[in-house]
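This briefing covers the fold, the nonpolar cores, the aromatic residues and the surface of one protein chain. Please read it alongside the sequence and the model.

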Amino acid sequence: MTGETNPEFMLVGVKHLIFERKKTKQSFREKIKGKPVISAGIFLIILLGCLFAEVMYNHDPSGFYLDHLNEAPGNEFYFGTDSLGRDIYSMIWYGGRASIAIGLLSMVLITVLGITYGCISGMAGGKADAFMMRAVELANSIPNLLLVLLCVSVMGDLNILKISFVIGITGWFGLARIVRSEIRQIRNSEYVLAAKSMGAGFGYLMRKHLVPNLVAAIMFVVISSISTSMAMESTLSFLGLGLPVDVISWGSMLSLANKALLLNTWWVIIIPGIFLVVTLICITNIGNYFRKETNRKESVL
């Protein structure tokens with residue numbers, strides 16, 4: 001049998017059989033399936049309209065057209081006028097700037113405070129961790145609106161920065177608890193222990209190892225805080241404790257709802273309310289998408 005090759009027992013190389021899976025090109029519908037395309041598109045349109053309000057408006061948003069008080073929507077005033085004679089269409093785009101800015105500024109403050117406090121508590125452990133969490137749970141047990149009203153009464157006259165600060169410092173407790181629970185899972189990981197053994201400080205650990213592993217877990221809470229802050233500003237304005245009437249925002253526009261109900265001028269309530277609710281729904285849908293994507297992926301902890 002020497003020198004002969006038996007075809008039944010022929011040895012072949014490892015790469016003799018190569019199985020290649022055919023790559024099917026996804027259609028556009030398959031790529032966008034499950035993604036909040038409609039919500040993102042509507043929110044982008046509203047955001048661009050607010051950013052380029054000078055292009056969108058057809059009347060001075062702060063002007064008082066006394067000859068057109070409570071005028072219904074028409075060709076001259078597309079969304080009508082309020083009880084002060086102001087053009088609602090022009091105010092919508094300028095007011096959206098303030099409302100979205102309050103949501104973004106409050107979100108930044110909530111994120112910074114929540115992540116910092118949660119990281120410190122999670123890395124501390126022991127009695128320090130227990131004390132910090134009891135303090136957060138105590139503050140979180142108080143209704144958020146009550147805390148905001150208390151801070152507003154102390155702050156005095158409000159502007160965009162002050163109201164963003166008030167909403168931010170009263171809304172980070174839930175995020176801190178989530179961050180703390182995530183930190184407790186990764187604080188004893190090999191890469192964290194190795195960095196600590198080489199003399200890495202808390203700031204380096206937080207920036208390089210802790211926060212990158214938190215982004216996916218807290219993305220939904222961070223995005224949702226934008227809509228929560230905008231809704232809180234509208235609530236304060238509706239109660240007469242938010243921005244003054246001369247500072248145009250969607251919330252301050254809704255502060256005239258009582259007069260609109262008495263005068264049966266539905267457009268003063270409905271139109272700003274639609275813009276506010278649609279924006280909040282779009283932001284919530286985008287946040288829900290990030291939450292589903294996070295739950296679908298395997299944990300990196």
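Along the sequence, the protein chain runs α-α-α-α-α-α-α-α-α-α-α-α-α-α. Its secondary structure amounts to 14 helices and 0 strands. The model is predicted.

**Chain-wide figures**
- Of the 301 residues in the protein chain, 39% are buried.
- Taking contacts between residues at least 6 apart in sequence, 69% join residues at least 24 apart.
- The accessible surface of the protein chain is about 17,900 Å², and carbon and sulfur atoms account for 64% of that area.

**Nonpolar cores**
- In soluble globular proteins, nonpolar side chains tend to be buried together.
- Here the largest nonpolar core contains 52 residues.
- Ile92, Cys119, Val179, Ile183, Met230 and Trp250 have the most contacts inside this core.
- Helix 4 supplies the largest share of the core, with 11 residues.
- Leaving aside residues up to four places away in sequence, Cys119 touches Val179, Ile183, Phe202, Met206, Leu210 and Leu214.
- Val179 and Ile183 are thus named both as partners of Cys119 and among the residues with the most contacts inside the core.
- A second core, separate from the largest one, has 10 residues, including Ile102, Ile163, Leu236 and Leu243.

**Aromatic residues**
- The whole structure holds 12 aromatic pairs.
- In one of them, the ring centres of Tyr78 and Tyr89 are 5.1 Å apart with the planes at 80°, so the pair counts as edge-to-face, the class for planes over 60 degrees apart.
- This pair links distant parts of the chain, with the two positions 11 residues apart in numbering: Tyr78 sits in the loop between helix 3 (53–56) and helix 4 (88–124), and Tyr89 in helix 4.
- Tyr78 is partly exposed, at a relative accessible area of 43%, whereas Tyr89 is buried, at 12%.
- One aromatic cluster brings together Tyr78, Phe79, Tyr89, Trp93, Trp250 and Phe275.
- Trp250 belongs to this cluster and is also listed among the residues with the most contacts in the largest core.

**Nonpolar surface patch**
- Leu44, Leu48, Leu51, Phe52 and Val55 make up a nonpolar patch on the surface, and together they have about 500 Å² of accessible area.
- With 3 residues, helix 2 (residues 37–51) gives the most to the patch.
- Leu48, a patch member, lies in helix 2.
- The relative accessible area of Leu48 is 39%, so this residue is partly exposed.

Conventions. Residues are numbered from 1 along each chain as its sequence is written. This is a predicted model: local features need pLDDT of at least 70, side-chain atom pairs count only at pLDDT 80 or more; totals for chains, interfaces and linings use all residues. Side-chain values use heavy atoms; hydrogens and water are left out. Rings of Phe, Tyr and Trp (its six-membered ring) pair if their centres lie within 6.5 Å; planes under 30 degrees apart count as stacked, over 60 as edge-to-face and the rest as tilted. Helices (H or I, at least four residues) and strands (E, at least two) are DSSP runs, numbered from the N terminus. Buried means under 20% relative accessible area, exposed over 50%, partly exposed in between (1.4 Å probe, protein chains only). A nonpolar core is a set of buried Ala, Val, Leu, Ile, Met, Phe, Trp, Tyr and Cys residues joined through side-chain atoms within 4.5 Å. Contact means heavy atoms within 4.5 Å. Patches are made of residues with over 30% relative accessible area and no salt bridge: like charges are joined within 9 Å, nonpolar side chains (Val, Leu, Ile, Met, Phe, Trp, Tyr) within 5 Å. Accessible areas come from the Shrake-Rupley method with a 1.4 Å probe; for residues, only the protein chains shown count as cover. A salt bridge is a side-chain nitrogen of Lys or Arg within 4 Å of a carboxyl oxygen of Asp or Glu.
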